[in-house]
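Reader: Please take a close look at one part of this model for me, the salt bridges. Once that is done, put it in the setting of the rest of the chain.

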Amino acid sequence: MLDLLFVAAHLHDPGHPLHGRRCHVGISGGRLALVTDADVTPEPAAARVVRAPDLHLSAGFFDLGVAIGEPHFESRETFATAAAAAARGGFTEVLVLPGGGGGAAPVQTRAAVTYVQQRAADGQTSAGSAVRFWPLAAATVDAAGHDLTEMHDLHRAGTVAFTDGPDHPLQRAEVLVRALQYLAPLGAVLLNRSEHAGLSAGGQWHEGAAATALGLRGLPALAEYVALARDLELLAYANQGAGSGARLHISQVSAAESVALLRAAKARGLPVTADIAAHQLAFTDATAPPFDTNFKVRPPFRSEADRQALLAGLADGTLDAVTSAHQPHEPESKELEFDLAEFGVIGLETTFSALLTYAGAALDLDTLLLKLTAAPRAVLGRPVPHLTEGAEANLTAFDPTARWTPSPATTASKARNSPFFGIELRGRVLGTVCGAAFSPDLLNGTE
């Protein structure tokens, strides 16, 4: 008897012989026991049956960077609430940013890595959890940008990649080069958000006409693409010589000039990948509500030309992946004057829907799914789950035509700093399965 059966679901698994076809997919003991497009009458016996008017299945989504407040800042987000929000958004695997914001000490010791691993294990053994957490470690001590952490030791402890996080872009050229050189033999990737701190100091809104009209100090696109140009040249330098293998991933690209630089770098053969935050596709500096701190993000919402460049970069593969850029804050950090409020929004629950709503006209569904499934895993060299019989279950169920409106009353996150509250979105995740666990939301569509 099957534990779970998806009935007549559209299968999304490029390369699979049944890709694009309606299939029955059955799960037993945490593995795919049945994948068939044959009319099965009667349906196989199953403890739970999932149906939906427009049911689709893909590999589980993978997020390249989520801030979790625990430990020390549980008021922002805990592993439990992050897991619930991730599953609600279709993510079965999540990279945990070191530090989690709020000034907490970053993950930079074996003990800290073990803590993340243990919290992840606790979640996997708890009822209803269908999310796996993977630890990121700080690239420099205290994420201060000076001395490198014990990278080899942290990698042996289970760290999957290194970053000082989006709040601490690496400023010193010699530190970035040394980090790339140290990580190359490990096959580990360095994640960095390119920003020149001097050019962006004090900025609150994208530098442009809107910032001028609002009387806000600008965050210029120049600060991003000048730093990115430097970072790409440092990557080329670190890869001089045979088999150096240094790899760089650029987080949360936002500017048209940055997309052009990345496109040229990839044409040169540089081993660079990049992602964007889903919310960057939804708003611009001119359309985001002024002085609403739930729209205060870094990098900021930029111009319509920048937004169009991001769409083009996704379409041609210059931009590899889409991330939630999930950065939860307690109300005390957001309900302030605009210039005093913290940067960042929550996005785990809305990433897929925002991507489909605001990029669905420019990119087909399978391309959008690629940015959430295979591409982010490729950044880390991790295997992509496939929907083949015998494989471990790691999948997301969704309805791309369903419409819904996020609200503070229904969010699973502990935080409430979302720019999408009150906005109708297209495409809704129905639930996730990861191993033997499945998200509670799947019960809503079961018999």
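Author: Let's start with arginine 377, which forms a salt bridge with glutamate 93, the closest N and O atoms being 2.6 Å apart. The term here means a side-chain nitrogen of Lys or Arg within 4 Å of a carboxyl oxygen of Asp or Glu. This pair links distant parts of the chain, with arginine 377 in helix H13 (residues 374–380) and glutamate 93 in strand S7 (residues 91–96), 284 residues apart. Those labels are DSSP runs numbered from the N terminus, helices being H or I with at least four residues and strands E with at least two. What about burial? Arginine 377 is buried, and glutamate 93 is too. I use "buried" for under 20% relative accessible area, "exposed" for over 50% and "partly exposed" for what falls in between, with a 1.4 Å probe and protein chains only.

Some ground rules before going on. This is a predicted model, with residues numbered from 1 along each chain as its sequence is written, and local features need pLDDT of at least 70, while side-chain atom pairs count only at pLDDT 80 or more. Totals for chains, interfaces and linings use all residues, and side-chain values use heavy atoms, with hydrogens and water left out.

Now for a pair in another setting. Aspartate 37 forms a salt bridge with arginine 21, and their closest N and O atoms are 2.9 Å apart. Aspartate 37 sits in the loop between strand S3 (31–36) and strand S4 (46–50), and arginine 21 in the loop between strand S1 (2–12) and strand S2 (22–28), so the pair ties together parts that are 16 residues apart in sequence. Aspartate 37 counts as partly exposed, at 30% relative accessibility, and arginine 21 is also partly exposed, at 44%.

Then there is arginine 172, which pairs with glutamate 174, again as a salt bridge, with 2.6 Å between the closest N and O atoms. Arginine 172 is partly exposed at 36% relative accessibility, and glutamate 174 is partly exposed at 38%. Elsewhere, salt bridges that share partners join Arg110, Asp153 and Arg156 into one network. The full count comes to 17 salt bridges. As for the charges overall, the protein has 33 positive and 47 negative side chains, and the centres of the two sets lie 2 Å apart. Lys and Arg count as positive and Asp and Glu as negative, leaving out His and the chain ends; each charge is placed at NZ of Lys, CZ of Arg, CG of Asp or CD of Glu.

Glutamate 174 belongs to a stretch worth a look, helix H4 (residues 173–183), where Val175, Leu176, Val177, Ala179, Leu180 and Leu183 are buried. An α-helix has 3.6 residues a turn, so residues three or four places apart point the same way. The buried residues of H4 pack against helix H3 (151–157), strand S9 (161–162), strand S10 (190–192), helix H7 (221–238) and strand S13 (248–250). A contact here is heavy atoms within 4.5 Å.

A few backbone oddities, while we're browsing. Arginine 298 and proline 299 are joined by a cis peptide bond, with omega about 0°, and proline 299 lies in the loop between strand S14 (272–277) and helix H9 (304–316). Alanine 8 isn't a glycine, yet has a positive phi of about 50°; this residue is found in strand S1 and is partly exposed at 24% relative accessibility. Aspartate 142 also has a positive phi, about 60°, without being a glycine, and sits in the loop between strand S8 (132–137) and H3.

For a buried loop residue, try alanine 415, between strand S16 (394–404) and strand S17 (425–434), with a relative accessible area of 1%. Leaving aside residues up to four places away in sequence, alanine 415 touches Arg76, Glu77, Pro328, His329 and Ile346.

Zooming out, the protein has 13 helices and 18 strands, and 59% of its 447 residues count as buried. Residues 24 or more positions apart account for 74% of the contacts with a separation of 6 or more. The C-alpha trace spans about 65 × 50 × 45 Å along its principal axes.
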